[in-house]
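Here are my notes on the model, as numbered points. Please read them with the structure open.

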Amino acid sequence: MHTVLSESEERMKKTLASLKDGFGSLRTGRASSSLFDKMKIDCYGSKTPLNQVANITIPEARLIVIQPWDKALIGEIEKAIRSSELSLNPGNDGKIIRIAVPPLTEERRKDLVKAAKQQAEQSRVAVRNIRRDGNEELKKLLKDGLLTEDEESKVSAELQKLTDSYITKVNHILEEKDKEIMEN
């Protein structure tokens, strides 16, 4: 019966990690190397993650410097950044790419907050679905005679507490991201 709880918690942790990962790619007014985590570039005929072909540094709050290990990739990296949804304009000097991160407009901030809220809602739904799956598993164990009604009720209550705690964590992560997006 406790395996239902531990499996549910493991799945909820993964949901939270996925939300944090998704929020990492939402551009705020600050420079962040996580913006490029999912970006892939054409490298010698195959799609390769940017962070595997270049060094990405943040020397200032609004500046990103990308230094490819192979200078021949500068054009491909620039092309990938320009065609991404990040709305960034890279410039290079033949050796490194510099990207000045412009401050976000009020409208863009509101769009990003909206996107963050949608991602958070998807995570809350996922957590509730995990709770539902756990409760269905408990009912099956009860039906099969592997659990008493008291045990099923107790574990179900613990599962609800776990769900509430993860919903609270999702809301907290969303609040932090909202603050980060809305600050100038």
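1. Start at the hairpin of β1 and β2. This is a predicted model. Two residues lie between the strands of this hairpin, and Tyr44 takes a positive phi there, near 55°. The two strands run antiparallel and are joined by four bridges. Across the pair, Lys40 stands opposite Pro49 in β2.

2. Now follow the side chains along β1, residues 40–43. In a regular strand, side chains alternate between the two faces of the sheet. Strand β1 shows this alternation. Ile41 and Cys43 point to one face and are buried. Lys40 and Asp42 point to the other face and are not buried.

3. Is Thr48 buried or exposed? The cut-off for buried is under 20% relative accessible area. Thr48 has 13%, so it counts as buried. This residue lies in strand β2, residues 46–49. Leaving out residues up to four places away in sequence, Thr48 touches Met39, Lys40, Ile41, Cys43 and Val53. Of these contacts, Ile41 and Cys43 belong to the buried face of β1.

4. Next, the open sheet. Which order do its four strands take? The order is β3-β4-β6-β5, with antiparallel pairing. β3 (54–60) and β5 (91–92) stand at the edges with a single partner strand each, so one side of each has no neighbour in the sheet. The partner strands β3 and β4 (residues 63–68) pair in the antiparallel sense over five bridges. Within this pairing, Ile56 stands opposite Ile66 in β4.

5. Turn to helix α1, residues 2–24. The helix has 23 residues. From first C-alpha to last it reaches 33 Å, close to the 33 Å expected at 1.5 Å a residue. Its buried residues are Val4, Leu5, Ser8, Met12, Thr15, Leu16, Leu19, Gly22 and Phe23. An α-helix has 3.6 residues a turn, so residues three or four places apart point the same way. The cover over the buried residues of α1 includes α3 (106–143) and α4 (149–182).

6. Which residues have the most contacts inside the largest nonpolar core? They are Met12, Phe23, Ala116, Leu162 and Tyr166, in a core of 26 residues. Helices α1, α3 and α4 each supply at least two residues of this core. The most come from α4, which gives nine. Apart from this core lies another, of 22 residues, which includes Ile41, Leu50, Ala54 and Ile77. Nonpolar side chains tend to be buried together in soluble globular proteins.

7. Look at Phe23 in more detail. Not counting residues up to four places away in sequence, it touches Ala116, Gln119, Ala120, Ile173, Leu174 and Lys177. One of these, Ala116, is also among the residues with the most contacts inside the largest core.

8. Val155 is a good place to check the packing of α1 and α4. Val155 is found in helix α4. Its relative accessible area is 2%, so it is buried. Val155 and Leu5 are 150 residues apart in sequence, yet their C-alpha atoms are 7.4 Å apart in space. Leu5 is one of the buried residues of α1.

9. Last, the rings. The charged end of Lys169 sits over the ring of Tyr166, 4.3 Å from its centre. Tyr166 also appears among the residues with the most contacts inside the largest core. How many aromatic pairs are there? With ring centres required to lie within 6.5 Å, the count comes to zero.

Technical notes: Residues are numbered from 1 along each chain as its sequence is written. This is a predicted model: local features need pLDDT of at least 70, side-chain atom pairs count only at pLDDT 80 or more; totals for chains, interfaces and linings use all residues. Side-chain values use heavy atoms; hydrogens and water are left out. Rings of Phe, Tyr and Trp (its six-membered ring) pair if their centres lie within 6.5 Å; planes under 30 degrees apart count as stacked, over 60 as edge-to-face and the rest as tilted. A charge sits over a ring if NZ of Lys or CZ of Arg is within 6 Å of the ring centre and within 35 degrees of the ring normal. The expected span of a helix is 1.5 Å times one less than its number of residues. Buried means under 20% relative accessible area, exposed over 50%, partly exposed in between (1.4 Å probe, protein chains only). Contact means heavy atoms within 4.5 Å. Two strands pair if DSSP finds at least two bridges between them. A nonpolar core is a set of buried Ala, Val, Leu, Ile, Met, Phe, Trp, Tyr and Cys residues joined through side-chain atoms within 4.5 Å.
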